[in-house]
Amino acid sequence: MTNVRQKIRYLRECYSSDSSGVEILNVFSRSVEHRIFIEGKNELAFEGDHQIPLDKDAGSAAHEAAIIYEREKELVYTSVFVVGKNPETGEKTVSPLVVFPAKIQKISDFPFLSFDATNFRINYGLIKRIIVDDEKGSLLHEQIFEAVADGLFRPEGIAAIVDSFKHFASDIDTSQMIFFPDAVGSTDLRKQAVNEGLKLLPAACVSLIKRSIERRGILEELAAMSEVNNFSRPICELLSVTGLNDRTSETKTKLEKIPAVLSVPQSNILRSCAQNPVTLVIGPPGTGKSYTIACMALEHMARGQSVLIASRKDHAVDVIGQKIETLSVDKSSVVRGGRKKYLSELKTKLQAILSGMRGRKKAATLQGYGEKQIIELTHSIESIERNLQASESVFNKRSEEEKEYAKILKKLSKGGFQLISKIRLFFLQRKINSREESFGTLIKLIEQRIEHRNQDVIKRIGIRKDARIHEVLATNRKTLIDFLKSLRARTGAKQRDILSKLDIGMILKTFPVWMSKNSDIHDNMPLIPEMFDLAIIDEATQCDIASCLPILQRAKRVAIVGDPKQLRHVSFLARSKQTILASKEGLSEEVADQLDYRSKSILDLAEETITEQKRVQFLDEHYRSRPDIIQFSNRYFYNASLRIMTQNPELIQFRNIQVIQCNGVREKNGINRNESEKLLKLILDTVESQSHLDPEYSQSIGVTTPFRHQADYLGELILREIPIEAIQKHKILVGTPYSFQGEERDIMCLSFVLDEKSSATAFRYMNQSDVFNVMVTRARVEQVVFLSIRESDLNKNSLLASYLLYLRGYYQEPTCGQLSQLPDSAHPVHDALNKAGYKVWPSFDVAGLEMDFVIQKKGRTLGIDLIGFPGRFEDAFSLERYKMLKRAGMRIFPLAYSEWGRSQEECLDSIREF
């Protein structure tokens, strides 16, 4: 059997080879935008927190572009350049050595530049090009990193960089570095770029570049993993390794209460995550992946366990963090790793804990009252649960009584003696008349008890967490002191040294939930096998296998969350190179196929590895988009498996998707100006119509197209024509579908660009299912499609043709049943509701379920569940259905046959008050 270390080495080499083209190799290339060179004395050289003014026009343009392309591009400050022609390859190089995230702020309408001095990366791609020897390149990389490790170019740091080049790359001329911090200007850089030989120059530049994953930490950790024998359970399962770290299987875990009403798949996910090494969660767009992850984290935290949440993008983990804080009503439990501001927040939290500044409510824990409160809350929760079960039992029993009541009445209506039926009716009526509350009151009571229980559960989770912190302070305060020291360490090496000596368990007791981008985890926590109880990888289709291995190694169990029908990770690794690497590590063809780095995401690997179906769960409730926006994807990509929770009679009068025929032409440069102009006009009209609204009430706007040139053109057009204040107010985001993975907007504008003369290659690209699925599922409220091709000119089997055909048919489909389909017993209810001023929809579909009636009055919508009414409406909804529809924003009023027969007016009054 292939050794696990061989597999890890192979994946590391694939990952390393795939990273060669992601850094800045020529600052004058077209991919580097809004370049602003620092000329003369560089006042930012030694002061990372210092600000310097920029040229007003250039600085303002860079500032605005950084805002609109926030997800796709980043503003950076780059310093110390390698310039010239590489004598080995003849390649022209104008490449920065060090890259810092930068920020432009407007002060009195003038742009000022600053950069994040503690968050930097070395241009690894540059080093690999100037030094052929991998070992030498790695050592040079490490020494430069340590020289800049405190984020500032101190004079001694510059000297260390020069010495490192003299030792590992002596053919590179470093003589001009003595003039640092005087910066070489752009004109001199261009001149020296054509000279033979490479020079290290004291230049500095601000620019906008495409975002790239930071790879250094992942490569280092993969190298470390390839040298050990101790692997986590998720690693062993996903890499098909047996006989390593033999352990007995875990016993079933009793789940803790959390303040949420969960669907059946969500409950199954929580159960699987508590017990199994690997759980797979398939979450189509808008089905509450982030909410489900928040519930997974909170349930583990409630049991005193630790959770690591990781994703490829900052935005994804930020959304999850907000949901955890909302559910738990607590901002102190979640640690966000990565950026400088997150580190600062963590230091502030830790300092407050060590100083005893934990708030009046939390002080009770320190005084020893926490245990008493936990006991009291536990008793309260158990009491509420018993009462809930009793109420639900009463509801179910009464529903059966209503059905029996209706059947007896129907039987007696046929005439005849029927003594036994009359006796049964007598006793049943006595039982019905003795009820202390109506069905509606009973449902209200159940809702109130659920709310009360959730409030007590939140309190108990918080007090238990505080009790654990109190225990750490009482017995291991020094661990927290040392942890704070590590956060304040000036170098990464010093930080890692301190962390390696700490009791990580005590830190995780204090801060149980950690969140980070995949590429930042190495900066936050040491690589200790199974240090976290659970790791969660979000947006897993976009995560390659290699970069996820350090996450898997850190966890006892892992949940992999994603959607195979959405965008996949992109690899630039050549297949031939991958084959060579597999052969070099001695991997069989079968193993190489299993670990196909180019083609498979970590989600694909999990899907092929898991053998128990109960460990694979599909989230089937869609909460994001209006029904017509999501229904195409539901039918075409998800086998009509989604319950669309946004179905509402208020929306059936609207067409939330409109198609605008632009009759445009796709030019040779890939731009369609007609589509662009009509799209711009729509945005301008929206901005104007909502100019009186505050930002929180204004609709967000997204613009996407399959083609990069059109996206760039649209971005420039919007920046030129729309004020930056409006762009920020409406959160306008422009990009290809890759910019919108994990994003959503109220209004989405889709520019398809192509005309009937466009190439077959362009049509094939637009027809990719993952690209198309992301494009058409980002809108919440409205989707506007801009076309320059007639439907008759499209291949009938293409996705776009299918989409247009779907739109024609969708708006002709009936939204509810006809009045003639109602059972006779329901007609009086329908008539009375109409007479009372309600608009009534019979047999209305909500979340894939038939609602007996949906009624609306003065903007309020309510479902009516007819209970016991003879005919097809006699069965009551299950209480799970009541809870599910309440999650979708629609409350259900239970209308009992006996209550209606006794007093219609009282029933109508109850409906008004409900």
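## Two open sheets and a buried isoleucine

Lysine 839 has glutamine 856 of strand S25 as its bridge partner. This pair belongs to a predicted model, and the sheet around the pair is described before a second sheet and a single residue.

**The mixed sheet**

Strands S24 and S25, the latter spanning residues 849–857, are joined by seven bridges and run antiparallel. They belong to an open sheet of four strands, ordered S24-S25-S26-S27, whose pairing is mixed. The edges are taken by S24 (839–846) and S27 (892–896); each has a single partner strand, so one side of each has no neighbour in the sheet. On average, neighbouring strands here are turned by 35° against each other, direction ignored.

A helix also meets this sheet. H16, residues 439–488, lies across S26 (860–867) and S27. The direction of H16 is at about 145° to that of S27.

**The parallel sheet**

Another open sheet has five strands in the order S19-S23-S22-S20-S21, with parallel pairing. S19 (657–661) and S21 (733–735) stand at its edges, and because each has a single partner strand, one side of each is left without a neighbour in the sheet. Neighbouring strands are turned by 15° against each other on average, again with direction ignored.

Within this sheet, S22 (residues 745–751) and S23 (residues 779–787) run parallel and are joined by six bridges. Serine 751 has phenylalanine 786 in S23 as its bridge partner. Helix H25, residues 708–721, packs on the sheet and touches S20 (701–704), S21 and S22. The direction of H25 makes about 150° with that of S21.

The two sheets are set side by side below.

| Strand order | Pairing | Average turn between neighbouring strands |
|---|---|---|
| S24-S25-S26-S27 | mixed | 35° |
| S19-S23-S22-S20-S21 | parallel | 15° |

**Isoleucine 537**

Isoleucine 537 is part of strand S14, which covers residues 532–537. With a relative accessible area of 0%, isoleucine 537 is buried, because that term applies under 20%. Its contacts, leaving aside neighbours within four places in sequence, are Ala310, Cys543, Cys548, Ile551, Leu552, Val558, Ala559, Ile560, Val561 and Ile602. Lysine 349 lies 188 residues from isoleucine 537 in sequence, and their C-alpha atoms are 25 Å apart in space.

Technical notes
Residues are numbered from 1 along each chain as its sequence is written. This is a predicted model: local features need pLDDT of at least 70, side-chain atom pairs count only at pLDDT 80 or more; totals for chains, interfaces and linings use all residues. Side-chain values use heavy atoms; hydrogens and water are left out. Two strands pair if DSSP finds at least two bridges between them. Axes are lines fitted to C-alpha atoms, for helices over the stretch in contact, and angles run from 0 to 180 degrees between N-to-C directions. Contact means heavy atoms within 4.5 Å. Buried means under 20% relative accessible area, exposed over 50%, partly exposed in between (1.4 Å probe, protein chains only).
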